[in-house]
Amino acid sequence: MYYAAGRAMAQSYGAVDKTSRIAAASPHELVEILFEQLLLRIDRAVRCVERGDMAGMFQSRAKASDILNALDESLDFERGGEIATALAIVYREASNRINEAQGDNAGAVLISAREIVAEISEAWTEIGKR
């Protein structure tokens with residue numbers, strides 16, 4: 001009982017913290033938050049596969065796909081040119097991999113999608129430090 005109450009409080013705090021971060025974030029930081037959440041969702045999907053929790057895996061996959069769609073829709077092709085086009089291709093490839101992840105190789109497919117996105121996420125974070 002104590003654990004459940006403590007967990008609920010931690011989740012509430014996490015939601016408030018995330019909401020506060022989003023409200024105070026610059027456009028660059030918002031994309032950084034999206035990448036952070038995307039990686040967390042993919043990681044959760046992998047853990048679900050490892051435990052045989054297919055419902056959890058599908059739920060995490062859906063959230064990851066939604067985030068990738070948001071990243072894709074945020075691209076400015078006029079100002080971003082070739083970089084925006086390249087990012088769109090990467091986002092779509094990651095989304096395809098996430099959506100195709102099923103069966104015995106689901107974990108490996110999800111990890112390959114994560115690797116693609118993690119590289120871009122790290123680069124985005126480095127840009128923000130400058």
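Helix H4 contributes six residues to the lining of the largest pocket, which is the largest share from any element. The structure discussed here is a predicted model, and this pocket is a convenient place to enter it. The space within the largest pocket amounts to about 350 Å³. Sixteen residues line the pocket, and those closest to its centre are Leu 75, Ile 83, Leu 87, Tyr 91 and Trp 124. Two or more lining residues come from each of helix H2 (27-51), helix H4 (77-100) and helix H5 (106-129). Sorted by class, the lining consists of twelve nonpolar, two polar and two charged residues.

The pocket leads to the fold as a whole. The chain contains five helices and zero strands, and its elements, read from the N terminus, follow the order α-α-α-α-α. Of the 130 residues in the chain, 32% are buried. Among contacts with a separation of 6 or more, 55% join residues that stand 24 or more positions apart.

Helix H2, one of the elements that line the pocket, may be considered next. This helix is made up of 25 residues and spans 36 Å from its first C-alpha to its last, close to the 36 Å expected at 1.5 Å a residue. Its buried residues are His 28, Val 31, Ile 33, Phe 35, Gln 37, Leu 38, Leu 39, Ile 42, Ala 45, Val 46, Cys 48 and Val 49. Just after the helix, Gly 52 adopts a positive phi of about 80 degrees.

Asp 43 introduces the charged contacts of the structure. There are six salt bridges in total. In one of them, the side chain of Asp 43 meets that of Arg 114, with an N to O distance of 2.4 Å. This pair connects distant parts of the chain, since Asp 43 belongs to helix H2 and Arg 114 to helix H5, 71 residues apart. Asp 43 has a relative accessible area of 22% and is therefore partly exposed. Arg 114, at 26%, is likewise classed as partly exposed. Buried residues must fall under 20%.

A second salt bridge is found in helix H4. The side chains of Arg 97 and Glu 93 meet there at 2.8 Å, N to O. These two residues lie four positions apart in H4, about one turn of the helix. Arg 97 counts as partly exposed because its relative accessibility is 25%, and Glu 93 counts as partly exposed because its value is 33%.

Helix H5 holds a further example. The side chains of Glu 126 and Lys 129 form a salt bridge at 3.2 Å, N to O. Because they are three residues apart in H5, about one helical turn separates Glu 126 from Lys 129. What is the exposure class of each partner, Glu 126 and Lys 129? Glu 126 is partly exposed, with a relative accessible area of 39%, whereas Lys 129 is exposed, with a relative accessible area of 62%. The dividing value is 50%, since a residue must be over it to count as exposed.

Taken together, these descriptions return to helices H2, H4 and H5. All three give two or more residues to the lining of the largest pocket. H2 and H5 are also linked by the salt bridge between Asp 43 and Arg 114, while the pair Arg 97 and Glu 93 lies within H4.

Technical notes. Residues are numbered from 1 along each chain as its sequence is written. This is a predicted model: local features need pLDDT of at least 70, side-chain atom pairs count only at pLDDT 80 or more; totals for chains, interfaces and linings use all residues. Side-chain values use heavy atoms; hydrogens and water are left out. On a 1 Å grid over the protein atoms alone, a cavity is a set of points where a 1.4 Å probe fits but cannot get out, and a pocket is an open set with protein on both sides within 12 Å along at least five of seven lines; lining residues have an atom within 4 Å of a point. Grid points are joined across faces, edges and corners, and a volume is the space filled by probe spheres set on the points. Ala, Val, Leu, Ile, Met, Phe, Trp, Tyr, Cys and Pro count as nonpolar, Asp, Glu, Lys and Arg as charged, and the others, Gly among them, as polar. A salt bridge is a side-chain nitrogen of Lys or Arg within 4 Å of a carboxyl oxygen of Asp or Glu. Buried means under 20% relative accessible area, exposed over 50%, partly exposed in between (1.4 Å probe, protein chains only). The expected span of a helix is 1.5 Å times one less than its number of residues. Contact means heavy atoms within 4.5 Å.
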